[in-house]
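Student: Please take one close look at how separate parts of this chain come together, starting with a loop and working inwards. I'd like a single connected walk-through rather than a list.

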Amino acid sequence: MPSALRDLENDTVQVLREVRGRFTNPALLWSMGKDSTTLLWLVRKAFFGDVPFPVIHIDTSYKFRQMYEFRDRWSREWGLDLRVHRNEKALAAGMGPTAATKLECCTALKTNALQEALETGGHDAVLLGIRGDEHGVRAKERVFSPRDRSFGWDYRNQPAEFWDLRQAAVDEGGHMRVHPMLSWREIDIWEYVRQEGIPVPDLYFANDGNRYRSIGCECCCSPVRSDAGTVTDVVIEVRRSREGERAGRAQDKEDAAAMEKLRALGYM
């Protein structure tokens with residue numbers, strides 16, 4: 001393995017083991033995308049094939065069919081303690097991508113559903129596979145990022161993390177967001193996927209000249225023109241690309257500050 005990937009792997013494994021030692025009831029958020037699947041893979045490496053945390057999937061009910069199939073197959077093969085959570089009240093009231101703005105829909109079906117899942121499970125920390133190079137707002141994050149009781153993120157007043165010394169304290173009723181892969185880049189993920197043989201949904205590979213570079217709810221994702229049919233093809237394409245990874249995600253386009261508003265409210 002190239003030394004740069006080895007360093008990223010070692011740093012991530014260190015954070016994962018630190019989380020297990022410093023929090024009483026952490027959980028891992030899994031979207032079935034390449035980043036959170038790589039994080040799940042690293043958890044299995046850190047704990048010698050075991051996943052010692054519940055794995056939460058926030059199900060909006062609008063994901064691609066291939067993502068549900070991928071979730072069911074690999075949660076079974078990896079023996080995960082999978083906990084699927086949906087905001088049933090909002091869905092019953094008709095919330096969906098055509099019923100409201102993208103900001104309102106994401107808040108109801110993702111952020112509020114995550115809040116319910118953490119409260120139901122009594123989790124004091126949640127691991128996420130976000131990366132700083134995905135979006136400028138995510139680049140402002142810390143590895144240990146506290147959330148208050150209302151789920152809010154005070155991005156103007158975050159604790160410093162000098163020399164990898166991280167603060168685990170949260171306000172009463174709050175929780176800690178942990179981002180072990182914040183320093184990874186998109187190209188690092190794909191090179192690591194190739195190196196380790198990590199499974200990812202077929203949506204990432206070209207079909208009839210198109211593929212998805214970022215996946216989520218089917219109604220909010222647009223494919224990009226591509227002939228990349230293998231992981232190696234994707235690595236080459238990502239190295240050459242001058243377009244943003246999330247250019248096909250609707251919530252990033254709705255207005256210039258949509259992602260910042262979403263994350264301030266507790267979006268993942």
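**Loops, core and salt bridges**

Tutor: Let's start with Asn25, which sits in the loop between H1 and strand E1 (26–29). Keep in mind that this is a predicted model. Asn25 counts as partly exposed because its relative accessibility is 24%. Its partners come from far along the chain: Asn25 and His123 are 98 residues apart in sequence, yet their C-alpha atoms are 5.0 Å apart in space. Setting aside neighbours within four places in sequence, Asn25 is in contact with Gly121, Gly122, His123, Asp124 and Ala125.

Right after that loop we enter an annotated stretch. UniProt, in an unreviewed entry, places "domain: Phosphoadenosine phosphosulphate reductase" at residues 26–223. In the model, that span is 31% helix and 13% strand, and its end C-alpha atoms lie 34 Å apart.

Now go inside. The largest nonpolar core has 52 residues, and Trp30 and Trp190 touch the most other members. Among the elements that each supply at least two residues of this core are helix H1 (3–22), helix H2 (34–46), helix H6 (186–196) and helix H7 (231–240). There's also a second, separate core of 13 residues, which includes Ala27, Leu114, Leu128 and Phe151.

Stay with Trp190 for a moment. Neighbours within four places in sequence aside, Trp190 is in contact with Lys34, Val200, Tyr204 and Phe205, plus a set of valines: Val231, Val234, Val235 and Val238. Trp190 is also one of the buried residues of H6. Eight of the eleven residues in H6 are buried, so you can call this helix mostly covered. The buried set runs Glu186, Ile187, Asp188, Ile189, Trp190, Glu191, Tyr192 and Val193. H1, H2 and H7 are among what covers them. Just past the end of H6, Gly197 takes a positive phi of about 70 degrees.

H6 has a charged link as well. Glu196 forms a salt bridge with Lys45, with the closest N and O atoms 3.1 Å apart. Glu196 lies in H6 and Lys45 in H2, so the pair ties together parts that are 151 residues apart in sequence. Lys45 is partly exposed, with a relative accessible area of 33%. The two belong to a network of salt bridges that links Arg6, Glu9, Lys45 and Glu196.

That network is part of a bigger tally, since the whole structure holds 20 salt bridges. Another one joins the side chains of Arg166 and Glu18 at 2.9 Å, N to O. Arg166 is in the loop between E5 and E6 and Glu18 is in H1, so here too distant parts of the chain are linked, 148 residues apart. Both partners count as buried: Arg166 has 9% relative accessibility, and Glu18 has 16%.

The loop that holds Arg166 has an outward side too. Trp163 lies in this loop, between strand E5 (144–147) and strand E6 (175–178), and counts as exposed because its relative accessibility is 77%. Together with Phe162 and Leu165, Trp163 makes a nonpolar surface patch of about 470 Å². Asp164, from the loop between E5 and E6, has a positive phi of about 60 degrees although it is not a glycine. Most residues other than glycine have a negative phi. Phe48 is another such case, with a positive phi of about 55 degrees; Phe48 is in the loop between H2 and strand E2 (55–58) and is exposed, at 74% relative accessible area.

Terms used:
Residues numbered from 1 in each chain as written. Predicted model: local features only at pLDDT ≥ 70, side-chain atom pairs only at ≥ 80, totals over all residues. Heavy atoms only, no water. Patch = residues over 30% accessible without salt bridge, like charges linked within 9 Å, V, L, I, M, F, W, Y side chains within 5 Å. Areas by Shrake-Rupley, 256 points an atom, 1.4 Å probe, with all protein chains shown as cover. Salt bridge = Lys/Arg side-chain N within 4 Å of Asp/Glu carboxyl O. Helix = DSSP H or I, 4+ residues; strand = E, 2+ residues; numbered from the N terminus. Buried < 20%, exposed > 50% of the residue type's maximum accessible area, 1.4 Å probe, protein only. UniProt positions renumbered as here; feature names shortened; annotations may be inferred. Core = buried A, V, L, I, M, F, W, Y, C linked by side-chain atoms within 4.5 Å. Contact = heavy atoms within 4.5 Å.
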